[in-house]
Amino acid sequence: MRQLTEEESKSVFSKLAVYCGRSLNNLVTASDGEGEQYVFRLHGSRVYYLRLSIANWATSVPRANLLSLGVCIGKLTKTGKFRVHITALDVIAPHARYKVWIKENGLLPFLYGGNVVKAHVGRWSEDIPEHSGVVVFDSSDTPVGFGVVAKSTTELRRVEPTAIAVFRQADTGEFLREEDSLFTT
């Protein structure tokens, strides 16, 4: 487990900024109530978010014996791009810049891997620009996934109910659909 290089950090933070916006600074400089800092660390191709003291303890464990530590935020591909995993949802959701709440009748289609159509949207944050990252919540304010809006909120108000509102990128149903490949390297 090691620190991210400048190029890796740039890739990770630019992707997280799509969902968090300026509140990404709160995520990077986060600390718990006891003053403990949180850091990003790379192990294999996976990026983890964890407390600094735990990261320091992890240096005493051989790399071959260390499987996972902290919250897996995503994976760096061989080309240097960063893919956010659904496991990052609990870290991203409190810092989300734009949010979409879906109705109960749209929850299961979303959790089975479908996009969100306008008829299933209960409400959304105001002034969402086109192709912005959003965190998707159910009607009881529980984060269930994230994606990218198809159109801005002003355009979405004028489209038909069957038009796609949010392109799904990840949802909590992935834990069941892809459990065998979610944490392997």
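Colleague: What share of the contacts in the protein with a separation of 6 or more comes from residues 24 or more positions apart?

Modeller: The structure is a predicted model. Contacts here are those with a separation of 6 or more, and the portion in question joins residues 24 or more positions apart along the chain. That portion is 55%.

Colleague: Which radius of gyration does the protein have, and how does it stand against a compact globule?

Modeller: A compact globule with 185 residues would have a radius of gyration near 16 Å. The value for this protein agrees with that expectation, so the model fits the rule for a compact globule. The radius of gyration of the protein is 17 Å.

Colleague: How many helices and strands does the protein have, and what box do its C-alpha atoms fill?

Modeller: The protein has 7 helices and 11 strands. Taken along the principal axes, the box filled by the C-alpha atoms is roughly 55 × 35 × 35 Å.

Colleague: What part of the exposed area do carbon and sulfur atoms supply?

Modeller: Of the 185 residues, 49% count as buried. The protein exposes about 10,200 Å². The part of this area supplied by carbon and sulfur atoms is 51%.

Colleague: How far apart do the centres of the positive and negative side chains lie?

Modeller: The protein has 22 positive side chains and 20 negative ones. Each set has its own centre, and the distance between the two centres is 5 Å.

Colleague: Which feature does UniProt place at residues 98–173?

Modeller: The span is 16% helix and 39% strand, and its end C-alpha atoms lie 21 Å apart. The name comes from an unreviewed UniProt entry, which gives the feature as "domain: PUA".

Colleague: Is Leu-89 buried or exposed, and which residues does it touch?

Modeller: Leu-89 is found in helix H4, residues 89–92. Its relative accessible area is 3%, which is under the 20% limit, so Leu-89 is buried. The C-alpha atoms of Leu-89 and Val-144 are 7.9 Å apart in space, with their positions 55 residues apart in sequence. Not counting residues up to four places away in sequence, Leu-89 touches Val-135, Pro-143, Val-144, Gly-145, Phe-146 and Thr-172.

Colleague: Is Glu-8 buried or exposed?

Modeller: Glu-8 has its place in helix H1, residues 6–20. Beyond four places in sequence, Glu-8 touches Arg-2, Gln-3, Leu-42 and Leu-76. With a relative accessible area of 16%, which is under 20%, Glu-8 counts as buried.

Colleague: How far apart in space are Glu-8 and Asp-127?

Modeller: Glu-8 is in helix H1, whereas Asp-127 is in the loop between strand S8 (121–124) and strand S9 (133–137). The two residues are 119 residues apart in sequence. From C-alpha to C-alpha, Glu-8 and Asp-127 are 31 Å apart.

Colleague: What phi does Asp-127 have, and why is its sign worth noting?

Modeller: Most residues other than glycine have a negative phi. Asp-127 is not a glycine, yet its phi is positive. Asp-127 is also exposed, because its relative accessible area of 58% is over 50%. The phi of Asp-127 is about 55°.

Colleague: Where does Asp-141 lie, and what is its phi?

Modeller: Asp-141 lies in the loop between S9 and strand S10 (143–149). Asp-141 is partly exposed, with a relative accessible area of 46%. The phi of Asp-141 is positive although the residue is other than glycine, and its value is near 65°.

Colleague: Which residues does Pro-109 touch, not counting those up to four places away in sequence?

Modeller: Pro-109 is found in helix H5, residues 104–111, and is partly exposed at a relative accessible area of 35%. Its C-alpha atom is separated by 13 Å from that of Ile-164, which is 55 residues apart along the chain. The residues that Pro-109 touches are Gly-114 and His-120.

Technical notes:
Residues are numbered from 1 along each chain as its sequence is written. This is a predicted model: local features need pLDDT of at least 70, side-chain atom pairs count only at pLDDT 80 or more; totals for chains, interfaces and linings use all residues. Side-chain values use heavy atoms; hydrogens and water are left out. Helices (H or I, at least four residues) and strands (E, at least two) are DSSP runs, numbered from the N terminus. The radius of gyration is taken over C-alpha atoms; the globule rule is 2.2 Å times the number of residues to the power 0.38. Buried means under 20% relative accessible area, exposed over 50%, partly exposed in between (1.4 Å probe, protein chains only). Contact means heavy atoms within 4.5 Å. Accessible areas come from the Shrake-Rupley method with a 1.4 Å probe; for residues, only the protein chains shown count as cover. Lys and Arg count as positive and Asp and Glu as negative; His and the chain ends are not counted. The place of a charge is taken as NZ of Lys, CZ of Arg, CG of Asp or CD of Glu. UniProt positions are given in the numbering used here, feature names are shortened, and annotations may be inferred rather than shown by experiment.
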